[in-house]
Amino acid sequence: MKALVWHGTTDIRCDSVPDPQIEHPRDAIIKVTSCAICGSDLHLYDHFMPGMKSGDIMGHESMGEVVEVGSESKGKLKVGDRVVIPFTIICGECDQCKRGNFSVCERTNRNGHIAAKAFGHTTAGLFGYTHLTGGYPGGQAEYLRVPFADTTHIKVPDGISDEKLLFLSDIFPTGWQAAVQCDIEPTDTVAIWGAGPVGQMAIRSAILLGAKQVVAIDRVPERLDMARAGGAITINFDEESVIERLNELTNGKGPEKCIDAVGMESHATATIDAMYDRVKQATMMETDRPHVLREMAYVCRPAGTLSVPGVYGGLLDKIPFGAIMNKGLTIRTGQTHVNRWTDDLLRRIEEGQIDPSFVITHTVGLDQGPDMYKIFRDKQDGCIKVVLKP
C-alpha cells in the first residue's frame with residue numbers, strides 16, 4: 001500500500017509499504033477513505049518531538065470502512081462498518097478508561113516503560129506519533145491496523161460526508177475539550193491563542209458553550225478571517241499589543257478564560273522572551289517555545305483558567321509560576337479524551353449545529369502529501385487544513 005513515511009527532519013515521502021495485518025484478536029483493518037494532516041504532525045515534521053524513527057508511518061486523523069475484523073472485535077465491529085478512528089488507542093477496561101480519561105489509558109502504549117521514564121507514568125498509545133506513545137503506524141495510508149478496535153472506534157452513519165465527520169478523530173473534540181475545561185459562564189471573555197484548526201474548533205465550541213465574547217489571536221490573515229466568520233473578535237499580534245488589546249476588551253480586568261491552541265512552536269518573534277526561546281532552542285538548552293503560556297499567565301484575570309490543548313514535548317523555561325500561584329489561576333491540560341465527547345459532538349453535527357468541514361482549505365491525493373506538509377507548515381496558499389484522499 002501507499003503511505004506517508006517519516007525519514008527525518010522535514011523529510012516525508014509517499015512510499016510503498018507492506019499492507020497491515022491482523023496481529024491480535026482485538027484488531028481490525030480499515031480501508032482509509034479520508035485522512036488529514038494535523039498541526040501536531042508538524043512537530044514531528046520539524047523533529048521537535050523525540051522518539052521518531054525513520055520508516056514511521058504518519059497520521060492520526062483517519063476514517064474509513066472496516067475490511068477485516070479480529071475474533072475478539074466481532075461483537076462490536078463488522079466488515080462494512082463506517083468508522084472514524086480517534087487518535088487515542090483505548091482499552092476501555094483500565095481504571096483511567098473507566099473514568100473517561102482515555103488519553104491516559106494504562107494499557108495501550110506498548111512502549112509504556114519508555115513513556116514512564118519520560119513522564120513519570122505512561123500515557124495512552126497514539127496513532128502515527130512517536131515511540132514514546134507506542135510507535136503505532138498512522139493513518140496517512142491506504143489501510144490502517146486498529147489495535148483494541150472494539151473500543152478504539154467511532155461508528156458513524158451513512159449519508160453524511162467524510163469531511164463533516166473526519167475531525168471527530170481529533171481537532172473537533174480537542175477544541176471542544178479545551179473550551180469545556182474552561183467551565184465557561186455567560187459573562188466570560190475567552191481568549192484563544194492560535195487560530196489554526198484546533199483554535200478554530202475552540203472558537204466555535206466556546207460560542208456554543210455560551211461565552212460572552214471570544215477573542216482569537218494570530219497573525220495569518222486567512223486564519224483571522226475564518227475566526228471572524230465564526231464569531232470571534234480578532235487580534236493580529238504582529239500589528240498590535242495582545243495584552244493591551246485584551247485589557248481594552250475587558251475593561252482592564254483581563255479575560256477570565258485563556259486557551260493555548262499553539263503549543264511548543266510559538267511563532268512570536270518580536271518579544272524579548274520569544275527571541276530568548278529561539279536562542280535556547282537552537283543551542284539545545286530548551287525543547288519548546290512557551291511564549292503563549294507566559295502571555296496567558298500574565299494577562300489572565302485573577303482566579304481565571306488556563307486551558308492548554310497545545311502540544312508540549314519537554315522542558316520549558318522562564319514560566320512565571322509566581323504569577324500563576326499568586327493570581328490563583330487554574331491550569332487544565334492534556335491530550336484529548338476523544339471518546340468522552342464524540343456522542344454529543346456527532347449529535348451536534350447531525351442536528352446542523354456545526355459543520356466541521358468549514359476548516360478545510362485543501363483536498364489532495366495521498367501522493368501530494370509530502371508537498372502539503374511544507375505548504376501547511378509555511379502557511380502558503382491560504383492553507384489552514386489539509387484533507388488527504390488515499
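Which strand holds Gln 213? Gln 213 lies in strand E12, which spans residues 213-218. The views below come from a predicted model.

**View 1. Gln 213 in strand E12.** Gln 213 is buried, with a relative accessible area of 16%. The side chain of Gln 213 makes a polar contact of 2.9 Å with the side chain of Thr 189. Beyond neighbours within four places in sequence, Gln 213 is in contact with Asp 188, Thr 189 and Val 190. Ile 233, Leu 249 and Thr 250 are also among the contacts of Gln 213.

**View 2. Leu 168 in the largest nonpolar core.** This core holds 82 residues. Which of them touch the most other members? They are Phe 167 and Leu 168. Strand E3, residues 28-37, gives the most to this core, with six residues. Leaving out residues up to four places away in sequence, Leu 168 touches Val 84, Ile 154, Val 156 and Pro 173, among others. Further along the chain, Leu 168 touches Val 338, Thr 342, Leu 345, Leu 346 and Ile 349. Another core, of 19 residues, lies apart from the largest one. Val 215, Ile 235, Leu 249 and Leu 306 are among the residues of that other core. Leu 249 also appears in View 1, where it is in contact with Gln 213.

**View 3. Thr 152 in a loop between two strands.** The loop runs between strand E9 (143-146) and strand E10 (154-155). Is Thr 152 buried or exposed? Thr 152 counts as buried because its relative accessibility is 0%. The side chain of Thr 152 reaches the backbone nitrogen of Ile 90 at 2.9 Å. Setting aside neighbours within four places in sequence, the contacts of Thr 152 include Ile 85, Pro 86, Thr 88, Ile 89 and Ile 90. Phe 127, Val 146 and Pro 147 are in contact with Thr 152 too.

**View 4. The annotated stretch, residues 25-153.** An unreviewed UniProt entry annotates these residues as "domain: Alcohol dehydrogenase-like N-terminal". Over residues 25-153 the chain is 15% helix and 25% strand. The end C-alpha atoms of this stretch are 15 Å apart.

**View 5. Arg 110 over the face of Tyr 136.** Arg 110 sits 4.2 Å from the ring centre of Tyr 136. Aromatic rings also pair with each other, and the structure holds one such aromatic pair.

**View 6. His 362 in strand E17.** This strand covers residues 362-365. His 362 is buried, at a relative accessible area of 12%. A polar contact of 2.9 Å joins its side chain to that of Thr 361. Where does Met 372 lie relative to His 362? The two are ten residues apart in sequence, and their C-alpha atoms are 8.7 Å apart in space. Met 372 is in contact with His 362. So are Asp 381, Gly 382, Cys 383, Lys 385, Val 386 and Val 387.

**View 7. Two loop residues with positive phi, His 47 and Lys 318.** His 47 is not a glycine, yet its phi is positive, near 60°. His 47 lies in the loop between helix H1 (39-45) and strand E4 (56-57). At 35% relative accessibility, His 47 is partly exposed. Lys 318 is not a glycine either, and its phi is about 55°. Lys 318 is in the loop between strand E15 (305-308) and helix H11 (321-326). Lys 318 counts as exposed because its relative accessibility is 53%.

How values were computed
Residues are numbered from 1 along each chain as its sequence is written. This is a predicted model: local features need pLDDT of at least 70, side-chain atom pairs count only at pLDDT 80 or more; totals for chains, interfaces and linings use all residues. Side-chain values use heavy atoms; hydrogens and water are left out. Helices (H or I, at least four residues) and strands (E, at least two) are DSSP runs, numbered from the N terminus. Buried means under 20% relative accessible area, exposed over 50%, partly exposed in between (1.4 Å probe, protein chains only). A polar contact is a pair of N or O atoms within 3.5 Å; within protein, one must be able to donate a hydrogen and the other to accept it, and residues adjacent in sequence count only if both atoms are side-chain atoms. Contact means heavy atoms within 4.5 Å. Rings of Phe, Tyr and Trp (its six-membered ring) pair if their centres lie within 6.5 Å; planes under 30 degrees apart count as stacked, over 60 as edge-to-face and the rest as tilted. A charge sits over a ring if NZ of Lys or CZ of Arg is within 6 Å of the ring centre and within 35 degrees of the ring normal. UniProt positions are given in the numbering used here, feature names are shortened, and annotations may be inferred rather than shown by experiment. A nonpolar core is a set of buried Ala, Val, Leu, Ile, Met, Phe, Trp, Tyr and Cys residues joined through side-chain atoms within 4.5 Å.
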